[in-house]
Amino acid sequence: MKSQRPITSDDEHRVLQFRPRTTPSPVIHRGSGIVQKLHAAPEPLDLSRYEQPREEPEDFRHRMLANIAALAFTIALTAIGIWLAVSIADLRRTQDCVLMGRRDCVKITTPHI
């Protein structure tokens, strides 16, 4: 079976020049193409125009306490997630043991008297 390739012409393989939406710069003609001179990079916009004056200064102590509380909550949530995963894995192991018809699936600890 022959593979059929689409018929292509040279018009389909044309490289288009990217022109930025800024003011046109001096154009240099080289050969059959057009080359534009590079501009200096525009200065980044300053974000100070979006800042609003605060009525009271920042409370560093309050911010640090909030960060510590968030860290403690994250650690607690992670610990609970790990405990839950281990518990589910242990229950699955015990259930598999029981479903296979085995005995002594769960270790029973007795206190020493």
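## Salt bridges

A salt bridge is a side-chain nitrogen of Lys or Arg within 4 Å of a carboxyl oxygen of Asp or Glu. In this predicted model, the side chains of Arg 93 and Asp 90 satisfy that criterion, with an N to O distance of 3.4 Å. Arg 93 and Asp 90 both belong to helix H1, which spans residues 60-99, and because they are three residues apart there, about one helical turn separates them. Arg 93 is exposed, at 54% relative accessible area, while Asp 90 is partly exposed, at 40%.

The whole structure contains two salt bridges. Besides the pair already described, Glu 58 and Arg 63 meet through their side chains, at 2.8 Å from N to O. Glu 58 has a relative accessibility of 52% and is therefore classed as exposed, the limit for that class being over 50%. Arg 63, at 43%, is partly exposed.

## Disulfide

A search of the whole structure returns one disulfide. The link joins Cys 97 to Cys 105, with the two sulfur atoms 2.0 Å apart. The angle about the S-S bond is -80°, which makes the link of Cys 97 and Cys 105 left-handed.

The two cysteines fall into separate accessibility classes. Cys 97 has a relative accessibility of 11% and so counts as buried, since buried means under 20%. Cys 105 has a relative accessible area of 23% and is partly exposed.

## Fold and helix H1

The chain has one helix and two strands, and along the sequence these elements follow the pattern β-β-α. The helix, H1, has 40 residues. From its first C-alpha to its last, H1 reaches 58 Å, close to the 58 Å expected at 1.5 Å a residue. Just after H1, Gly 101 adopts a positive phi of about 85°.

## Surface

Of the 113 residues of the chain, 2% count as buried. The accessible surface of the chain is about 12,600 Å². Carbon and sulfur atoms account for 59% of that surface.

A nonpolar patch on the surface is formed by Ile 80, Trp 83, Leu 84 and Ile 88. Together these residues have about 460 Å² of accessible area. One of them, Ile 88, lies in helix H1. Ile 88 is exposed, with a relative accessible area of 52%, and this value is above the 30% that a patch residue must exceed.

## Confidence

The mean pLDDT of the chain is 80, and 73% of the residues score at least 70. Confidence is highest in H1, at 96. Confidence is lowest in strand E1, residues 27-30, where the mean is 58.

The salt bridge between Arg 93 and Asp 90 is located in H1, the element with the highest confidence in the chain. Ile 88 of the nonpolar patch also lies in H1.

Notes. Residues are numbered from 1 along each chain as its sequence is written. Side-chain values use heavy atoms; hydrogens and water are left out. Buried means under 20% relative accessible area, exposed over 50%, partly exposed in between (1.4 Å probe, protein chains only). Helices (H or I, at least four residues) and strands (E, at least two) are DSSP runs, numbered from the N terminus. A disulfide is a pair of cysteine sulfur atoms within 2.5 Å. pLDDT is the predictor's confidence in each residue, from 0 to 100. Accessible areas come from the Shrake-Rupley method with a 1.4 Å probe; for residues, only the protein chains shown count as cover. Patches are made of residues with over 30% relative accessible area and no salt bridge: like charges are joined within 9 Å, nonpolar side chains (Val, Leu, Ile, Met, Phe, Trp, Tyr) within 5 Å. The expected span of a helix is 1.5 Å times one less than its number of residues.
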